[in-house]
Amino acid sequence: TVTCCTLVRLMLNFSERITMTMKEKTTFVFIARFMVAAPIFGYLGDRFNRKIILSCGIFFWSAVTLSSSFITKEYYWLFVLSRGLVGIGESSYSSISPTIIGDLFTNNSRTMMLSVFYLAIPLGSGLGYILGSSAKEAAGDWHWALRVSPVLGMTAGTLILFFVPEPKRGHADQLGGRIKHRTSWLCDMKALAKNRSYVFSSLASAAVSFATGAFGMWIPLYLFRAQVVQKTAEACTKDICSSKDSLIFGAITCVTGLLGVVIGAATTRLCRQKTERADPLVCAVSMLGSAIFVCLIFVVAKKSIIGAYVCIFIGETLLFLNWAITADILMYVVIPTRRATAVAFQGFTSHLLGDAGSPYLIGLISDALQKSYTRSVLWQFLSLGYALMLCPFVIVLGGMFFLATALFFLDDRDKAEKQGKQRRTCQGHGREIVPGFILDKKGFSLKQWKFKVNRGIVSRKQDPPL
């Protein structure tokens, strides 16, 4: 199960990064469609067969990706549309896969399996950077890269459809036989909005997304401009410039992502022996440490490119520590029948407040600074660096959100465990959901025997006949 899910995750990030590298203008369309579709698939994933929804989404994504590789320049609008459809296909997968893993494993084993799953993000993104940049520079045609990943995606989708089990929701938490009824979508959203650990960890995840989105778009250009300032490279006036910095940054992203996820899982497992708040605390410390090294990038880049790469390596490693841990926090504080919705809206929030706007915002600030002063090569370099300095402040804010998560983590985890083991209640909708019965607040007759709900306890007015 984990192998198939990881393989598909790898292909999705691989293809996504290639197209974002080749056609930056399609990024917003992709993310916008992803955000719109994710809540829908979250709703479906909490109520219907997940592996069928998952497989259909993968097949749809693969077909659209393959078709988009044959679109010519004359139909660029169609290519943009296809990227939006790819976002719909990926949202089905990203919203549902973690919940399947969450229902198969628990505690440290779940952390480890989620880590394996999230390893595909940096690996796929790094390979997308490398292959996308190489194809653009060497062949001038990146379409063939889009024709490889759909084949692997369809293979993984077939394996999921026929070989991955559909676990009962709450199976790993030994709740599979107890969950008989599900609350409404509106009730789920109200419960998630009141879940403080979920809200703060989602905001922290958005901070990570903000930084990674901005870095992926602008750091290679920033390092190239640094080399121009150092007179080790010439300013580019062509449409297709050297992609050496993109290749190096892609390799660093790949390696640091792998290291970050592995170190994060191992560190959390070790710290759990000392404190039950280990998950959010590890995330908070890693975020605050990452902000320090991200700041150092802009200090040393003017004099040493190698020093800048070292700071990027350490900063990204610390930043990527929390990917799998954030998903594990969600599994702890959200009951099984709400997890797909929770994952979907966490992804929605991360994109909306994160990488959907951060590249544009950084570019806007840089352009505004360039217009204010001279447009020299040095000022082009400095203005982009000043704009990117927004990222470490956002990362620190994300660390604060993780510290806030640590304050409420134990209470929210205990509440989720109690809700899973006891009856589920949806206030404000005129009914309470109890295993085996759906009762009006005023009580109603079931086979001539009356029941009523009094402070969450079902009581009989008279005994049934033997």
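Helices (H or I, at least four residues) and strands (E, at least two) are taken here as DSSP runs, numbered from the N terminus. The model is predicted, so local features need pLDDT of at least 70 and side-chain atom pairs count only at pLDDT 80 or more, while totals for chains, interfaces and linings use all residues. Residues are numbered from 1 along each chain as its sequence is written, and side-chain values use heavy atoms, with hydrogens and water left out.

**The whole chain**

Begin with the chain in full, which holds 17 helices and six strands. Of its 466 residues, 53% count as buried, where buried means under 20% relative accessible area, exposed means over 50% and partly exposed lies in between, with a 1.4 Å probe and protein chains only. Contact means heavy atoms within 4.5 Å, and among contacts between residues at least 6 apart in sequence, 81% join residues at least 24 apart.

**Val80**

Select Val80 next, which is found in helix 4 (residues 76-104). Val80 counts as buried because its relative accessibility is 18%. If Ser68 is added to the selection, the two residues prove to be 12 apart in sequence and 9.1 Å apart in space, C-alpha to C-alpha.

**Helix 9 against helix 10**

Two packed helices are described by the angle between their axes and the distance between the axes. Axes are lines fitted to C-alpha atoms, for helices over the stretch in contact, and angles run from 0 to 180 degrees between N-to-C directions. Angles under 35 degrees count as roughly parallel, over 145 as roughly antiparallel, 65 to 115 as roughly perpendicular and the rest as oblique.

Display helix 9 (residues 196-229) together with helix 10 (residues 244-271). Their axes come within 9 Å and cross at roughly 130°, and helix 9 and helix 10 are therefore oblique to each other. The crossing of this pair is right-handed; a crossing is left-handed if the near helix is turned anticlockwise from the far one by less than a right angle, and right-handed if clockwise.

To see the contact itself, show Phe215, Gly216, Ile219, Pro220, Leu223, Phe224 and Gln227 in helix 9, which meet Lys244, Asp245, Ser246 and Phe249 in helix 10. By class, this contact of helix 9 with helix 10 has six nonpolar, three polar and two charged residues, with Ala, Val, Leu, Ile, Met, Phe, Trp, Tyr, Cys and Pro counted as nonpolar, Asp, Glu, Lys and Arg as charged, and the others, Gly among them, as polar.

**Gly260**

Stay in helix 10 and select Gly260. Gly260 counts as buried because its relative accessibility is 0%. Leaving aside residues up to four places away in sequence, Gly260 touches Thr317, Phe320 and Leu321. The C-alpha atoms of Gly260 and Ile314 are separated by 9.5 Å, although these residues lie 54 apart along the chain.

**Helix 14 and its two partners**

Return to helix 9 and add helix 14, which packs against helix 9 at an angle of about 40°, with the axes 8 Å apart. That angle makes helix 9 oblique to helix 14, and their crossing is right-handed. On the side of helix 9 the contact is made by Tyr198, Ser201, Ser202, Leu203, Ser205, Ala206, Ser209 and Phe210, and on the side of helix 14 by Thr341, Ala342, Phe345, Gln346, Thr349, Ser350 and Leu353. The contact of helix 9 with helix 14 comprises seven nonpolar, eight polar and no charged residues.

Now bring in helix 13 (residues 323-333), which packs with helix 14 (residues 339-353) at an angle of about 140°, the axes being 10 Å apart. Helix 13 and helix 14 are therefore oblique to each other, and their crossing is right-handed. Thr326, Leu330 and Met331 of helix 13 make the contact with Arg339, Ala342, Val343 and Gln346 of helix 14, a set that divides into four nonpolar, two polar and one charged.

**Lys302**

Move to Lys302, in the loop between helix 11 (278-300) and helix 12 (305-319). Lys302 is partly exposed, with a relative accessible area of 42%. Not counting residues up to four places away in sequence, Lys302 touches Gln230, Leu378 and Phe381, and its C-alpha lies 8.9 Å from that of Leu382, which is 80 residues apart from Lys302 in sequence.

**The cysteines**

For the last stop, what does a search of the whole structure for disulfides find? The search finds zero disulfides, a disulfide being a pair of cysteine sulfur atoms within 2.5 Å. Cys295 is in no disulfide, and the nearest cysteine sulfur, that of Cys391, is 9.9 Å away. Cys295 is partly exposed, at 28% relative accessible area, whereas Cys311 is buried, at 9%.
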